[in-house]
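Hi everyone, thanks for making time today. Let me put the structure up on the screen, and then we can walk through it together.

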Amino acid sequence: MMKFEQTFNDFLLQHQERHNRTHHFLILMDALISSAKHIQHYYLTGALKGNLGSAGEVNVQNEDVMRMDQIAQEITIHYLRSSNRVIHAVSEESKEIVQINPEGRYFVYFDPLDGSSNIPHGLPVGFLFGIAKRNLEGPEDGHLRAGKDYIAAGMFVIPTGTFTLALKDAGTWRFHIDETMTFVRPTRMMLPEDTKSWELSFNTSNRLTFAKGVQNWIAQNEKEYAFRYLGALAGDFHRTLANGGMFMYPAIVNHPNPKKNRPQGKLRLMYEAAVVAFMCREAGGDAVDETGTPILGIHPKDPHQRTAIYVGSKPLVADITRVLRS
Ligand code: AFP
């Protein structure tokens with residue numbers, strides 16, 4: 001006998017009443033969940049079907065496009081169009097903003113398959129998204145929203161089958177997929193205060209390229225915490241949310257080959273950094289960029305702009321912020 005579990009839909013209906021969310025939002029969430037399940041199916045069968053390789057193209061970020069990136073993009077745009085609720089979408093896989101339905105209510109910012117280096121191995125990747133709402137009271141200027149103006153943000157870890165969703169002022173929640181491919185068992189996520197489980201997560205092979213202050217901070221603090229790094233933001237941040245600590249992708253400013261410096265950082269603001277910063281805030285944490293500015297306050301000038309990020313437990317983010325601002 002299957003145990004009764006509260007489903008994602010039950011959860012949303014409850015929150016709809018409590019937080020005045022409309023059925024339009026439920027329809028949009030349904031489109032995102034259908035996309036994630038469909039992508040998960042292609043990912044699980046990808047090795048046998050030959051879908052885990054390169055597509056032989058480069059994207060707007062000048063990075064190799066994988067076949068799965070293309071599949072995930074096509075699936076997501078299909079479902080967003082069918083929902084009829086989206087005005088336009090910003091995707092990692094499309095240089096231009098994707099115009100969908102001028103009558104829609106929402107803007108969606110997403111990366112349908114993040115963590116490309118894990119794809120050939122079938123290891124965890126992520127589908128990250130942020131949602132903002134059009135101005136319903138007056139004329140809409142279509143400008144790109146800062147993270148603080150998102151109404152929701154979330155991530156699917158694929159093919160693990162976990163889904164984490166943060167709703168503005170209503171917390172961060174984790175769901176697990178069951179035998180019938182339904183997301184169930186909402187669990188409220190709050191970053192643990194006990195430092196025993198805290199972890200640091202960053203690409204340690206880059207450490208000598210970080211700003212000197214950041215290098216010193218790492219040297220002083222790393223022995224206190226376990227170190228974990230998967231190379232796919234959704235997977236790494238999944239751990240940070242559960243165990244506490246800090247995920248960081250600092251600016252690269254001391255590379256021996258100055259052409260390889262990345263003073264703007266690597267992660268994309270709208271569909272990576274702001275998404276995890278939003279989930280982190282709703283779970284009691286914080287996130288800043290290389291200047292110690294809150295990630296959620298940054299107004300994007302370009303849909304694909306990058307940022308450095310330090311995200312996680314408040315005391316650690318506050319500590320590194322002092323270093324970044326000095
Ligand atoms: P890719 O999709 O190019 O692998 O980038 C993934 C990512 O944007 C993010 O998911 C990871 O946290 C980060 O980059 C990993 O970057 P490094 O491979 O440089 O550590």
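So, in what order do the strands of the open sheet come? Going across, you read β12-β11-β13-β17-β15, so five names for an open sheet of 5 strands with mixed pairing. The edges are β12, at 226–227, and β15, at 286–288, and each of these pairs on one side only. Before I go further, please keep in mind that this is a predicted model.

Let's look at one pair in there. Strand β13 covers residues 245–249, strand β17 covers residues 309–312, and the two run antiparallel, joined by 4 bridges. If you want a landmark, find F247: V311 in β17 stands opposite.

Now add a helix to the picture. Helix α6, residues 233–243, packs on this sheet, where it touches β11 (199–201), β13 and β17. The direction of α6 makes about 155° with that of β13.

On to the ligand, which I suspect is what you came for. Which residues come nearest to the ligand? There are 15 residues around it, and those that come nearest are D114, N203, Y229, L233 and Y249.

For the polar contacts, let me go through three, each to an oxygen atom of the ligand. K266 has a side-chain N or O atom at 2.9 Å. For R268, a polar side-chain atom lies at 3.2 Å. With S117 the partner is a backbone N or O atom, 3.4 Å away.

And how much of the ligand does the protein bury? Taken alone, the ligand exposes 470 Å², and 86% of that is buried by the protein.

That's my tour, thanks for listening!

Key: Residues numbered from 1 in each chain as written. Predicted model: local features only at pLDDT ≥ 70, side-chain atom pairs only at ≥ 80, totals over all residues. Heavy atoms only, no water. Pairing = 2+ DSSP bridges. Contact = heavy atoms within 4.5 Å. Axes fitted to C-alpha atoms, helices over the stretch in contact; angles between N-to-C directions. Near = heavy atom within 4 Å. Polar contact = N/O pair within 3.5 Å; in protein donor to acceptor, adjacent residues only side chain to side chain. Areas by Shrake-Rupley, 256 points an atom, 1.4 Å probe, with all protein chains shown as cover.
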